[in-house]
Amino acid sequence: MSMPVDRHDAFARVLHWSMAVLILAMLFVGVAMVSSMTLRPSLLMLHRPIGIALLVLVVVRSIHRLLRRAPELPRDLPRWQRTAAHASHIALYVLMFAMPLIGWAMVSAAGNPVVLWGDLHLPPIAPHDPAIYSALRAAHTWLARALFAVVLLHLAAALYHAWVRRDGVFRTMAPVPLGPRAENASAVARENSAGS
């Protein structure tokens with residue numbers, strides 16, 4: 001199988017895995033906030049600054065992605081899989097932008113400050129209005145579900161490339177080097193079978 005010739009740079013990999021951890025944490029914190037009224041205040045104090053941190057990171061990541069070429073997908077990857085890969089990345093970026101912005105607007109519409117740490121507050125970005133708050137809260141909930149679904153698809157695709165196709169795609173974003181490239185591994189396997 002043909003495979004990508006390079007990897008994402010170290011900065012892109014750090015951004016990717018840091019954001020992956022924070023997004024999963026946010027999804028679980030969000031579920032816990034809805035489930036437990038006693039933990040809700042302390043979880044909100046955690047949820048808001050992490051959401052803003054993710055907003056900053058997705059801006060940085062988007063700029064970095066525009067400035068740096070991403071590794072190519074394998075040439076033999078079916079067209080529908082290429083299309084699905086590009087569509088899922090666009091969906092991820094849109095959702096990573098939208099979720100914290102809608103959350104910030106929702107808190108603003110509720111008339112509450114977005115407290116980051118101590119006395120550091122963000123300005124409101126939506127007018128104080130219960131109807132706007134209600135609409136934004138519903139949007140935040142549905143987009144969180146959509147984000148969870150896209151993250152699961154992204155994970156499934158990564159595992160498919162790592163375990164089924166073994167085409168080097170997972171290796172391009174792996175946090176650490178993962179042994180020989182796919183083409184080298186297949187060459188070694190051919191040599192071993194020829195020597196037997």
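**Entry 1: Met-173**

I began with Met-173, which counts as buried at 13% relative accessibility and is found in helix H5. The model I am reading is a predicted one, and I keep that in mind throughout these notes. Leaving aside neighbours within four places in sequence, I listed the contacts of Met-173 as His-8, Ala-12, Arg-13, His-16, Trp-17 and Arg-61. I then checked one of these pairs along the backbone, and found the C-alpha atoms of Met-173 and Ala-12 separated by 8.1 Å, although the two residues are 161 positions apart along the chain.

**Entry 2: the chain as a whole**

I next stepped back to the overall layout. The secondary structure comes to six helices and two strands, and reading along the sequence I noted the pattern α-α-α-β-β-α-α-α. Of the 196 residues of the chain, 34% count as buried. Among contacts with a separation of 6 or more, I found that 72% are between residues 24 or more positions apart.

**Entry 3: helix pairs**

I looked up two helix pairs, beginning with H1 and H2, whose axes come within 9 Å and cross at roughly 150°. Since an angle over 145 degrees counts as roughly antiparallel, H1 is roughly antiparallel to H2. The crossing in which H1 passes H2 is left-handed.

For H3 and H4 I noted a packing angle of about 150°, with the axes 8 Å apart. That angle makes H3 roughly antiparallel to H4, and I recorded the crossing of H3 and H4 as left-handed.

**Entry 4: the nonpolar cores**

I then asked which residues have the most contacts inside the largest nonpolar core. This core has 22 residues, and the ones with the most contacts inside it are Ile-23, Met-96, Val-114 and Leu-147. At least two residues of the core come from each of helix H1 (10-35), helix H2 (40-67), helix H3 (79-109), strand S1 (114-117) and helix H4 (130-165). H3 gives the most to this core, with seven residues. Apart from this core lies another, of seven residues, including Ala-98, Ile-102, Ala-126 and Leu-136.

I followed Val-114 further, as one of the residues with the most contacts inside the largest core. When neighbours within four places in sequence are left aside, Val-114 is in contact with Arg-48, Ile-52, Trp-104, Val-107, Leu-120, His-121 and Leu-122.

**Entry 5: two residues of H2**

Val-58 has its place in helix H2 and counts as buried, at 0% relative accessibility. Not counting residues up to four places away in sequence, I found that Val-58 touches Met-19, Tyr-93, Met-96 and Phe-97; of these, Met-96 is also among the residues with the most contacts inside the largest core. Val-58 and Tyr-93 are 35 residues apart in sequence, and I noted a C-alpha to C-alpha distance of 7.4 Å between them.

His-64 is found in helix H2 as well. Is His-64 buried or exposed? I have it as buried, because its relative accessible area of 16% falls under the 20% cut-off. The residues that His-64 touches, not counting those up to four places away in sequence, are Asp-9, Phe-11 and Ala-12. Ala-12 had already appeared in my notes as a contact of Met-173.

**Entry 6: His-140**

I moved to His-140, which lies in helix H4 and is buried, with a relative accessible area of 15%. Where does the backbone oxygen of Met-99 lie with respect to the side chain of His-140? I found this oxygen 3.4 Å from a polar atom of that side chain. Leaving aside neighbours within four places in sequence, the contacts of His-140 are His-47, Met-99, Ile-102, Gly-103 and Met-106. Ile-102 is also one of the residues of the seven-residue core.

**Entry 7: Arg-166**

I closed with the loop between H4 and helix H5 (169-173), in which Arg-166 lies. Most residues other than glycine have a negative phi. Phi of Arg-166, however, is near 50°, a positive value in a residue that is not glycine. I also noted that Arg-166 counts as exposed, at 60% relative accessibility, whereas Met-173 in my opening entry counts as buried at 13%.

Key. Residues numbered from 1 in each chain as written. Predicted model: local features only at pLDDT ≥ 70, side-chain atom pairs only at ≥ 80, totals over all residues. Heavy atoms only, no water. Core = buried A, V, L, I, M, F, W, Y, C linked by side-chain atoms within 4.5 Å. Buried < 20%, exposed > 50% of the residue type's maximum accessible area, 1.4 Å probe, protein only. Helix = DSSP H or I, 4+ residues; strand = E, 2+ residues; numbered from the N terminus. Contact = heavy atoms within 4.5 Å. Polar contact = N/O pair within 3.5 Å; in protein donor to acceptor, adjacent residues only side chain to side chain. Axes fitted to C-alpha atoms, helices over the stretch in contact; angles between N-to-C directions. Parallel < 35°, antiparallel > 145°, perpendicular 65-115°, else oblique. Left-handed = near helix turned anticlockwise from the far one by under 90°.
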